Amino acid sequence: MHGAIVCVALPCLTFSSGDGQLIGEGLDGFYQSGRRLLARCRLRVAGREPVALQGRLVASDRARFVAVVRTPADRGPDPELSVERIRDAQGTERITLRSSAPGPRRFPLEITLGTDLAELAAISAGRPGPALPAVVHAAGLRWSAPDGRYATVTADPAPTTALASAGLLRWDVELGPGASHTIELRIRSDRPVRPTGRTGGDPLPEAAAEGDDSRVRPLFAASAGDLRALLRRGPGGPADVYLAAGVPWRCGPPTAEGLWAARMVLPLGTRLAAGTLRALARTQVAGSGADLGLIPGPLRDAGPHLPPSCTGIEATLAFPAVLAEARRWGLPERDLAELLPAAERCLRWLRTNAGDGGLLGEPGPGGPQRAETQAHAHRAALLGADLLEACGRPGADSWREWAHGLRLRFREAFWADDRTGGRPAAARTSDGRLLPYLSGGAAHLLDTGLLGEGAYAQGLLDGVRTEQLARLLGAPDLDSGWGLRGLGAREPGHNPFGHRAGAVRVHETAVAVTGLAVAGYEKEAASLLGGVLDAAESFGHRLPEMYAGKQRTAGGVPVPHPAACRPAAVAAAAGVHLLAVLAGVRPDAPGGTVALRPFRAAPLGAVRLSGLRVAEQPFAVRVSRMGLGMVEEAAAGLRLGT
């Protein structure tokens, strides 16, 4: 995956290598709603394959490929025919030939096409289908599967010759000096769709970022583009949108990753958060019993020392916290009233399933208690209390008392003392044994959540332990120079390519940057921030969900992970979030205020963010080279808090 050029406008996407030729190997092809409509699209000009020069994304949903064609008619070493292919995820390709020859050139142009109409899941598992026979159809070809599904390719202008047996379209082209000739291919299925991001349901505003640092503008633009590309629509109409977790492996129903991503882009408005929460609420377990209120989710690898974790628990605990923070950013009252009952059911599930000691374990007998799960539970309790109190619902004081008890139990049960100052254990077994491995998941202990008047909630750790954790997060064991490792470099089982065993995960790095900045540890936050921005530049500003946690060296570049989703919702959201964190925008829309807490050191120099949303109105902020924040545009009546 790391070398593929991927155009995305879900539910449509394309995969190809850098030369632009689709040869039917691996994931090559045009896809729609998880089915490959076209696997082969191989171009030959004058009987030769073009010599590829460049292939790159020009937007999240479009790629441009440039090549030249060498022929015996060329006067010297300089090629006289060039080819440009513009490929769009929705299923179009424009092929333009240009001649620089001094006289007319005549040659055949041939495109070989084919498909298996296989499902993406089968292809990614190494089980593509057999090539299907083609029939001539209109100005192109058509393929049909045994289940009745079909795909067509039509060309404009129509080909001179169409050979179904060879899957071949051929044109006889004549180009004069300086002339060009364009052919457009349109790939369609029996179930036409329109990408969510290209409809009126797009929940994201046209925001922008600029600054002294040349990385700011392209990272923000690429991240916002990838977020639009990953939008999916639910059954509830234009407002019912959410983010797919990532391409190509997780393009299905809403997940915990989609919810974390929606939370990180709250500076772009609350519509995406509302749509994601609405989609997850539909899946919530009803009825009675211990699972009442649980949002189901798949299991996920948790590294070499723990069994797989349940992402459903993560989503259940995130739900009330994200709803509470969305309210602070200006979630409309009608959306809040609709979603509040689901948040209350999430809190009820937490109360039912927290153990006798108030600690939450993984499902099943003997499931371990993970430190980051306790952080999610603590945040859910405090922000849930804030939400209940604001909405006139009972239980707020009870949840604050519960969170206080969890803080005391966590500090006693999860802190592993040593001669260097100690560390939070990654987990605790059912028999009370600590697993004192240093992991990037510890960053979640600093992610406390936004309350009113620009304040953040209290965390699980006291001041001394927070300082120690900040030191650990900023040390080379976890800070690779490109971002935060999932497991410390000197820990048993470390693997720089391990999903949660040493690879850099962009989401956890963004969580660490925010938590460190809020806690006052800007030096450590700025180091992680700079590492991710440097990595983003090497990835063409399209951040993958993870990359290898190898230590940065002079002149080095980050090493890709071959199975990482790219684009990925949490990575694209992190690109927006990391730049927004520099401004330290802390809204309290119900209270009519917004506070600014920018990085005092201004590690990227001056930065300006425009087109954000606070209280559902445009918001723009500038941070000077001196680290001073200034609001340039805001909703009428919104006051600057202290």
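This is a tour of strands, sheets and helices in a predicted model, taken one selection at a time.

**Strands β12, β13 and β14**

Start by selecting residues 134–137, which are strand β12, and residues 140–144, which are strand β13. The two strands run antiparallel and are joined by 4 bridges. Pick Val-135 to see one of these positions: Arg-142 in β13 stands opposite. Then look at the turn of this hairpin, where 2 residues lie between β12 and β13. Ala-138 is in that turn and has a positive phi of about 50°.

Keep β13 selected and add residues 150–156, strand β14. β13 and β14 also pair in the antiparallel sense, over 5 bridges. Leu-141 has Val-153 in β14 as its bridge partner. The hairpin of β13 and β14 has 5 residues between the strands. Within that hairpin, select Gly-148, which takes a positive phi near 95°.

**Helix α4**

Move to residues 271–281, helix α4. How many of the 11 residues of α4 are buried? The count is 10, so the helix is mostly covered, with buried taken as under 20% relative accessible area. Among the buried residues are Leu-272, Leu-277, Arg-278 and Leu-280. Gly-275 and Thr-276 are buried as well.

To see what covers them, show β19 (231–233), β20 (241–243), α3 (256–264), α5 (311–329) and α6. The buried residues of α4 pack against these elements.

**Helices α6 and α8**

Helix α6 covers residues 333–353, and its partner in the next view is helix α8, residues 396–413. The two pack at an angle of about 45°, with their axes 13 Å apart. That angle makes α6 oblique to α8. Their crossing is left-handed.

Show side chains for Leu-347, Leu-350 and Arg-351 in α6, then for Ser-398, Trp-399 and Trp-402 in α8, which they meet. Sorted by class, this contact has 4 nonpolar, 1 polar and 1 charged residues.

**The sheet β23-β26-β27**

Next, select 369–370 for β23 and 434–435 for β27, and add residues 427–428 for β26. These form an open sheet of 3 strands in the order β23-β26-β27, with antiparallel pairing. β23 and β27 are the edge strands, and each pairs on one side only. Between β26 and β27 there are 2 bridges. Select Arg-428 and look across to β27, where Leu-434 is the bridge partner.

**Helices α10 and α11**

Now select residues 506–519 for helix α10 and residues 522–538 for helix α11. Their axes come within 8 Å and cross at roughly 155°. At that angle α10 is roughly antiparallel to α11. The crossing is left-handed.

On the α10 side, show Thr-509, Ala-512, Val-513, Leu-516 and Ala-517. Across from them in α11 are Glu-522, Glu-524, Ala-525, Leu-528, Leu-529 and Val-532. The residues of this contact divide into 8 nonpolar, 1 polar and 2 charged.

**The sheet β30-β31-β35**

Finish with another open sheet of 3 strands, ordered β30-β31-β35, with mixed pairing. Select β30 (585–588) and β35 (639–640), which stand at the edges. Each has a single partner strand, so one side of each is left without a neighbour in the sheet. Add strand β31, residues 593–596, which pairs with β30 in the antiparallel sense over 4 bridges. The last residues to pick are Val-585 and Leu-596 in β31, which stand opposite each other.

How values were computed:
Residues are numbered from 1 along each chain as its sequence is written. This is a predicted model: local features need pLDDT of at least 70, side-chain atom pairs count only at pLDDT 80 or more; totals for chains, interfaces and linings use all residues. Side-chain values use heavy atoms; hydrogens and water are left out. Axes are lines fitted to C-alpha atoms, for helices over the stretch in contact, and angles run from 0 to 180 degrees between N-to-C directions. Angles under 35 degrees count as roughly parallel, over 145 as roughly antiparallel, 65 to 115 as roughly perpendicular and the rest as oblique. A crossing is left-handed if the near helix is turned anticlockwise from the far one by less than a right angle, and right-handed if clockwise. Contact means heavy atoms within 4.5 Å. Ala, Val, Leu, Ile, Met, Phe, Trp, Tyr, Cys and Pro count as nonpolar, Asp, Glu, Lys and Arg as charged, and the others, Gly among them, as polar. Two strands pair if DSSP finds at least two bridges between them. Buried means under 20% relative accessible area, exposed over 50%, partly exposed in between (1.4 Å probe, protein chains only).
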